[in-house]
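Colleague: I have a few things to ask about this model before I go back to the bench. Could you walk me through it?

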Amino acid sequence: MNYKYVIIGADAAGNSAAGQIRRNDKEGSIAILERGGIISYGACGLPYTLSGEIPETEKLIHFTAESFGKKVHADVLTRYEVVSVDFSSQMLFVKSPKGDREIGYEKLLIATGASPVRLPFIDYSSERVFELKTVPDANRVLSFIETHQPRSAAILGAGYIGLEAAENLRMRGIEVTIFEVMERPMPRLSAEFGDEISRELSARGVTLHTNTPVESVRFEENAVQITAKGRMYAFDFLLSAPGVRPATSFLNPDSIAMRQGAILVNAYGETSVPNVYAAGDCATVPHQITGESVWVPLGHTANKTGRIAGMNMSGSKVSFPGVLGTQLFKLFDKVIASTGLTAEEAEKAGHEIMKTNLVRPSKAGYYPGSGKVYLSMVADASSREILGVAMHGPLDSYGLIDSAAALISQNATVDEVAWLDMAYAPPFAPVWNALVSAAAKFSGGD
Ligand SMILES: Cc1cc2nc3c(=O)[nH]c(=O)nc-3n(C[C@H](O)[C@H](O)[C@H](O)COP(=O)(O)OP(=O)(O)OC[C@H]3O[C@@H](n4cnc5c(N)ncnc54)[C@H](O)[C@@H]3O)c2cc1C
């Protein structure tokens with residue numbers, strides 16, 4: 001079977017591309033190959049199904065294979081797993097419920113996302129070990145909780161997925177213990193962020209062991225036994241969240257350029273192979289500040305890069321301006337967010353930097369519900385352009401990170417931001433918000 005366009009992976013990047021292709025090319029045949037049974041789901045909402053905040057996982061599914069197929073007039077083939085690709089003959093080798101298949105393409109998009117990292121000392125076939133990547137993963141946890149009424153859970157990894165899962169399991173009344181090999185959670189950010197996350201977890205009754213590599217995991221009939229730093233712990237179940245890696249193992253690394261498993265693409269989504277594009281979590285993106293190809297596996301980036309690749313595969317010439325790695329997550333009543341470079345990253349990229357941090361109220365200090373925003377800013381010492389901002393604060397202060405991202409992408413200097421006309425009214429913001437105040441500190445004001 002041959003198609004004009006073949007897309008591997010039917011989620012954020014793949015489906016965004018399909019929509020754009022169909023917009024540009026009303027007739028060309030499209031096949032979307034998906035190894036799972038569900039397409040087009042909001043993985044980012046999965047943690048919130050664990051608490052019941054989102055009452056059922058079905059709410060996260062935007063389209064079925066059938067409805068999306070109709071919408072973009074494509075063959076959406078679920079349970080079709082691409083096991084290898086021959087780029088010279090433009091042929092895919094696929095395992096499907098109908099047996100092995102060979103599918104040819106004129107243009108190919110690889111949008112296979114990322115896979116959870118699996119640790120060698122865990123038997124992932126145990127009924128007491130879980131991951132959180134797909135809708136079936138979340139359904140498994142929920143059905144275990146319903147059947148076994150567990151009282152305790154261990155989480156491996158204090159990245160944002162582990163932390164979001166911790167919050168939501170805790171909200172369900174489960175005792176949660178997190179094991180983290182690094183010296184603090186979210187180690188890319190400064191120690192202040194690790195301390196704040198640790199404080200918040202502790203205040204909510206979540207136990208966090210940092211600097212604690214898990215040495216072994218044993219599954220008993222009714223428990224999971226974890227050994228770490230010579231101590232033994234017992235839990236009702238284990239959620240493994242040590243990170244993700246690009247889902248590119250079906251590709252021969254000699255046949256396509258990759259960096260640490262992520263497919264290298266240019267600003268048009270083109271790979272090193274003619275007629276082959278890649279987008280989303282399986283591919284690199286250009287960094288707006290450093291110009292480097294970086295791997296930033298995030299949902300908003302996957303949607304955008306998928307859209308760009310789809311446009312370019314079907315006749316447009318649109319280039320992606322790159323990312324700042326803007327991200328945020330919720331931890332109980334706090335938002336933790338960052339955009340651009342950290343101080344270490346900026347120095348590594350060759351900048352002589354200046355940096356500052358401060359605490360400011362989130363609304364007028366006297367207004368009920370005003371909380372504290374902690375914000376750190378890094379800028380280039382000679383151009384005075386802002387290079388990075390990180391913050392934590394009450395949930396409704398999150399907009400500061402989007403403002404920071406917008407300013408950094410426009411090369412704003414600290415002197416411009418110090419006098420920026422940002423909104424003030426007591427229920428929303430103080431006169432001098434944390435972003436403006438941080439910039440003003442560099443200009444001698446505060
Ligand atoms: C719990 C959780 C919370 C998250 N929260 C956030 C958040 O708050 N903000 C944010 O920006 N991002 C978040 N993310 C990340 C975000 O979900 C991803 O960046 C996004 O889903 C990537 O989209 P994608 O299309 O590149 O890959 P995916 O969504 O992983 O889709 C890739 C698809 O390809 C299929 N596939 C893989 N290999 C093959 C193959 N060989 N053959 C056929 N099909 C294949 C997969 O089954 C999958 O359906 C979260 C992720 C998780 C798991």
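Colleague: What joins β5 to β6?

Modeller: A hairpin does, passing through 2 residues, and I should say at once that this is a predicted model. The pairing of β5 with β6, which covers residues 99–110, is antiparallel and runs over 6 bridges; within this pairing, Val94 stands opposite Arg101 in β6.

Colleague: And how many bridges join β4 to β5?

Modeller: There are 5 bridges between β4 and β5, the latter being residues 91–96, and these two strands also run antiparallel. Asp86 is found opposite Met91 in β5. β4 and β5 form a hairpin as well, with 4 residues between them, and in that turn Gln90 has a positive phi of about 55°.

Colleague: Changing topic, how is the chain divided into domains?

Modeller: Domain 1 takes in 2–114 + 245–313, domain 2 is 118–242, and domain 3 is 327–442. Taken over C-alpha atoms, the centres of domain 1 and domain 3 are separated by 34 Å.

Colleague: How many residues are in contact between domain 1 and domain 3?

Modeller: On the domain 1 side 4 residues take part, and they are in contact with 6 residues of domain 3. Sorted by class, the domain 1 side that touches domain 3 has 2 nonpolar and 2 polar residues, and no charged ones.

Colleague: Where does the ligand lie with respect to the domains?

Modeller: The ligand lies between domain 1 and domain 2, because both of them give residues to the shell around it.

Colleague: Which residues come nearest to it?

Modeller: Of the 34 residues around the ligand, the nearest are Gly9, Asp11, Cys44, Gly113 and Gly280. The elements that contribute two or more residues to this shell are α1 (12–24), β2 (30–34), α2 (46–51), β4 (81–86) and α7 (299–313).

Colleague: What about the chemistry, how do those shell residues divide?

Modeller: In the shell around the ligand, 20 residues are nonpolar, 8 are polar and 6 are charged.

Colleague: Now the sheet with β22 in it, please. What is the strand order?

Modeller: It is an open sheet of 5 strands, in the order β22-β23-β26-β25-β24, and the pairing is antiparallel. β22 (327–331) and β24 stand at the edges with a single partner strand each, so one side of each has no neighbour in the sheet. On average, and with direction ignored, neighbouring strands of this sheet are turned by 10° against each other.

Colleague: Which helices pack on it?

Modeller: α9 packs on the sheet and touches β22, β23, β25 and β26, with its direction making about 175° with that of β26. α11 packs on the sheet too, where it touches β24, β25 and β26, and its direction makes about 140° with that of β24.

Colleague: Staying with the sheet, how do β23 and β26 pair?

Modeller: β23, residues 334–340, pairs with β26 in the antiparallel sense over 7 bridges, and Thr339 stands opposite Val389 in β26.

Colleague: Back to α11, why is it described as largely enclosed?

Modeller: Helix α11 covers residues 434–442, and 8 of its 9 residues are buried, so the helix is largely enclosed by the rest of the structure. The buried residues are Ala434, Leu435, Val436, Ser437, Ala438, Ala439, Ala440 and Phe442.

Colleague: What do those buried residues pack against?

Modeller: The buried residues of α11 pack against the strands β24 (353–361), β25 (372–380) and β26 (386–394), and also against α9 (399–409) and α10 (414–418). After α11 comes Gly444, whose phi is positive, near 90°.

Colleague: One more residue I was curious about, Phe332. Where does it lie, and what does it touch?

Modeller: Phe332 lies in the loop between β22 and β23. If residues up to four places away in sequence are not counted, Phe332 touches Glu167, Glu200 and Arg204. With 15 other C-beta atoms within 10 Å, Phe332 is partly exposed.

Colleague: And Ala412, what is that in contact with?

Modeller: Leaving aside neighbours within four places in sequence, Ala412 is in contact with Glu385, Ile386, Leu407 and Val417. Ala412 has its place in the loop between α9 and α10, and it is partly exposed, with 19 other C-beta atoms within 10 Å.

Conventions: Residues numbered from 1 in each chain as written. Predicted model: local features only at pLDDT ≥ 70, side-chain atom pairs only at ≥ 80, totals over all residues. Near = placed C-beta within 6 Å. Nonpolar A, V, L, I, M, F, W, Y, C, P; charged D, E, K, R; others polar. Domains from an automatic or database assignment. Buried ≥ 20, exposed ≤ 12 C-beta atoms within 10 Å, placed from the backbone. Contact = placed C-beta atoms within 7 Å. Pairing = 2+ DSSP bridges. Axes fitted to C-alpha atoms, helices over the stretch in contact; angles between N-to-C directions.
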